[in-house]
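Grab a pencil and open your viewer. Here are a few exercises to work through, each with its solution.

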Amino acid sequence: MRNILVTLKYDGKPYHGWQVQNNAVTVQETFQNGLEWILGERPDIKGCSRTDAGVHANQYCLNFRTQHRIPCERLVPALNSRLPKSIAVLKAEEVPEEFHARYSCRGKEYLYRIWNDAIRDPFLDGYALHYWYPLHLDRMNEAGRYLLGRHDFTSFCTVDSHREKGDFHRTVTALEVVREGAMVTVRIQADGFLYNMVRIIVGTLLAVSQGKLEPSEMPQILAALDRTRAGVTVPPDGLYLNKVIYAMRNEE
């Protein structure tokens, strides 16, 4: 039995998230349909994360087990020939039996893109948040620095009994807000993320930019363990799973 790790990227706009759902088209189901056509079987797939409806991925990892002997270098073009243009397989490789796309992951990086201009860009509809108010990146970055390190992120999480159980502590290793022209990008890297954590952090940083919150209030918001103390949950349109980190890849 072979254990195959597949790395892909996808446009989340046509899909209702990653995970298979009743009466909704998802990335997982679409990928499994293409894989089944090639292998003649429908393996159980383990994904690295559950992305929500409208969320995109520059890098998404999954693994499955199969006895099929197709070489990995042939599996990539075979899958791409069967998948829609919204999904592209980047790589396939054999990994050790114990590898699991979710549980072997030691960290992830997300990007949130904000089109900060008075005029909307129709080509960014669904791919960046259109935000026309001035953004004060110095205040946003100052606030973000308080979130670095290991904290209980209950205040920055939408509690979902089907998703979130147990420890709400996460370690944020990087958080920065950068501008390139009218495009502002929030980059967050952590050892793991809670439900809507990135979208709530971004909403809180926007509140800081507006002056509704002060950067120095971040420690109190963390300590409160109260979702109502943080900012709004921004739409999914601008959110991208950008990187999945595994020890075997020696990624930092």
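The exercises below go from the whole chain down to single side chains. Keep in mind that the model is predicted.

**Exercise 1. Work out how the radius of gyration of the protein chain compares with the globule rule.**

Solution. Start with the inventory: the protein chain has five helices and ten strands. Next, take the radius of gyration, which is 19 Å, while the globule rule gives 18 Å for 252 residues. The two values are close, so the chain is as compact as a globular protein of that length. For the outline, the C-alpha trace spans about 60 × 40 × 35 Å along its principal axes. Now look inside: 53% of the 252 residues count as buried. Finally, check the contacts with a separation of 6 or more: 72% of them are between residues 24 or more positions apart.

**Exercise 2. Classify the ring pair of tyrosine 131 and tyrosine 133, then say how each residue sits with respect to solvent.**

Solution. A pair of aromatic rings is described by the distance of the centres and the angle of the planes. Step one is the distance: the centres of tyrosine 131 and tyrosine 133 are 5.6 Å apart, and pairing needs them within 6.5 Å. Step two is the angle: the planes stand at 70 degrees, so the pair is edge-to-face, the cut-off being over 60. Step three is burial. Tyrosine 131 has a relative accessible area of 8%, so it is buried, whereas tyrosine 133, at 46%, is partly exposed. Tyrosine 133 also pairs with tryptophan 132, again at 5.6 Å centre to centre, but here the planes are 40 degrees apart and the pair is tilted.

**Exercise 3. Find the aromatic cluster that includes Trp18, and the residue over the face of tryptophan 37.**

Solution. Trp18 clusters with Tyr10 and Tyr60. As for tryptophan 37, look for arginine 82, which lies over the ring face at 3.8 Å from the ring centre. For the full tally of aromatic pairs, you should get seven.

**Exercise 4. Is asparagine 196 buried or exposed, and what does its side chain contact?**

Solution. First locate asparagine 196: look in the loop between strand E9 (183-190) and helix H4 (197-210). Its relative accessible area is 13%, so asparagine 196 is buried. Then list the neighbours, skipping residues up to four places away in sequence: Asp52, Phe156, Thr158 and Thr233. Last, pick out the polar contact: the side chains of asparagine 196 and threonine 158 are joined at 3.1 Å.

Conventions. Residues numbered from 1 in each chain as written. Predicted model: local features only at pLDDT ≥ 70, side-chain atom pairs only at ≥ 80, totals over all residues. Heavy atoms only, no water. Phe/Tyr/Trp six-rings, centres within 6.5 Å; stacked < 30°, edge-to-face > 60°. Buried < 20%, exposed > 50% of the residue type's maximum accessible area, 1.4 Å probe, protein only. Lys NZ or Arg CZ within 6 Å of the ring centre and 35° of its normal. Helix = DSSP H or I, 4+ residues; strand = E, 2+ residues; numbered from the N terminus. Rg over C-alpha atoms; globule rule 2.2 N^0.38 Å. Contact = heavy atoms within 4.5 Å. Polar contact = N/O pair within 3.5 Å; in protein donor to acceptor, adjacent residues only side chain to side chain.
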